[in-house]
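User: I would like to go through this model and ask what stands behind each label. Please set the values against the cut-offs as you answer.

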Amino acid sequence: MRHSSNRSGKIPDPGSLSGNETMVMDVPVKVPHTNSVLLSLVRGIGADWDIDYELELGLTVDLPLIGDFTISITSRGEIKLPSLSNLWKNE
């Protein structure tokens, strides 16, 4: 079961970059935790002991002469959870 919120927001302007510069941006995220989401999460973990995720971001950049330009970023994957035996072995 897929849950999405299609919410948007803005973070404070981190400033400008010159060519070939890099910057790390912290993006705060709220994860829904309704009963249906938690139940779906428990079912998914019980099936294969991992958490499947999909992250969809739109990075909007203000370009001179062009204006706002949005770059879509999507990532999917899974987070493997340690098994109980791995917890006892400290692996």
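Analyst: We can start with a contact between two charged side chains. The model is predicted, and in it the side chains of Arg76 and Glu54 meet in a salt bridge, with 3.4 Å from N to O.

User: What makes the pair Arg76 and Glu54 a salt bridge?

Analyst: The rule asks for a side-chain nitrogen of Lys or Arg within 4 Å of a carboxyl oxygen of Asp or Glu. The N to O distance for Arg76 and Glu54 is 3.4 Å, so the pair meets the rule.

User: Which parts of the chain does the pair Arg76 and Glu54 tie together?

Analyst: Arg76 lies in strand S2 and Glu54 in strand S1, so the salt bridge links parts that are 22 residues apart in sequence.

User: Why is Arg76 called exposed, and why is Glu54 called partly exposed?

Analyst: Exposed means over 50% relative accessible area, and partly exposed lies between 20% and 50%. Arg76 has 63%, so the label exposed follows. Glu54 has 31%, so Glu54 is partly exposed.

User: How many salt bridges are there by this rule?

Analyst: The count comes to 3. Another of them joins Lys80 and Asp50, whose closest N and O atoms are 3.6 Å apart. Lys80 is in strand S2 and Asp50 in strand S1, so this pair ties together parts 30 residues apart in sequence. There is also a salt bridge between the side chains of Lys80 and Glu78, at 3.8 Å from N to O. Both distances pass because the cut-off is 4 Å.

User: What makes Asp50, Glu78 and Lys80 one network?

Analyst: Shared partners do: salt bridges join Asp50, Glu78 and Lys80. Lys80 has a salt bridge with Asp50, and Lys80 also has one with Glu78.

User: How do you know whether Asp50, Lys80 and Glu78 are buried or exposed?

Analyst: Each relative accessible area is set against the cut-offs. Asp50 has 2%, and buried means under 20%, so Asp50 is buried. Lys80 has 56%, which is over 50%, so Lys80 is exposed. Glu78 has 43%, in between, so Glu78 is partly exposed.

User: Which residues does Asp50 touch?

Analyst: Leaving out residues up to four places away in sequence, Asp50 touches Gly44, Ile45, Glu78, Ile79, Lys80 and Leu81.

User: How do you know that the length of helix H1 agrees with what a helix of 14 residues should span?

Analyst: H1 covers residues 35-48. At 1.5 Å a residue, the expected span is 20 Å, and the end C-alpha atoms are 21 Å apart, so the two agree.

User: Which residues of H1 are buried, and what puts them on the same side?

Analyst: Val37, Ser40 and Ile45 are buried. They cover an arc of only 135° around the axis, which puts them on the same side of H1. The buried residues of H1 pack against S1. On the other side of H1, Asn35, Val42, Arg43, Gly46 and Ala47 are exposed.

User: Where are residues with a positive phi?

Analyst: Trp49, which follows H1, has a positive phi near 60°. Asn20 has one of about 65° although it is not a glycine, and its place is in the segment before H1. Leu65, also not a glycine, has a positive phi of about 70° and lies in the loop between S1 and S2. These values stand out because most residues other than glycine have a negative phi.

User: Why are Asn20 and Leu65 called exposed?

Analyst: The cut-off is over 50%. Asn20 has a relative accessible area of 86%, so Asn20 passes. Leu65 has 93%, so Leu65 passes too.

User: How are the elements of the protein chain ordered, and how confident is the prediction?

Analyst: There are 2 helices and 2 strands, running α-β-β-α from the N terminus. The mean pLDDT is 77, and 81% of the residues reach 70 or more. Confidence is lowest in helix H2 (residues 84-89), with a mean of 68, and highest in strand S2 (residues 67-80), with 89.

User: How many residues does the protein chain have, and what share counts as buried?

Analyst: The protein chain has 91 residues, of which 4% count as buried.

Technical notes: Residues numbered from 1 in each chain as written. Predicted model: local features only at pLDDT ≥ 70, side-chain atom pairs only at ≥ 80, totals over all residues. Heavy atoms only, no water. pLDDT = per-residue confidence, 0-100. Helix = DSSP H or I, 4+ residues; strand = E, 2+ residues; numbered from the N terminus. Buried < 20%, exposed > 50% of the residue type's maximum accessible area, 1.4 Å probe, protein only. Contact = heavy atoms within 4.5 Å. Expected span 1.5 Å × (residues − 1). Arc of directions from axis to C-beta.
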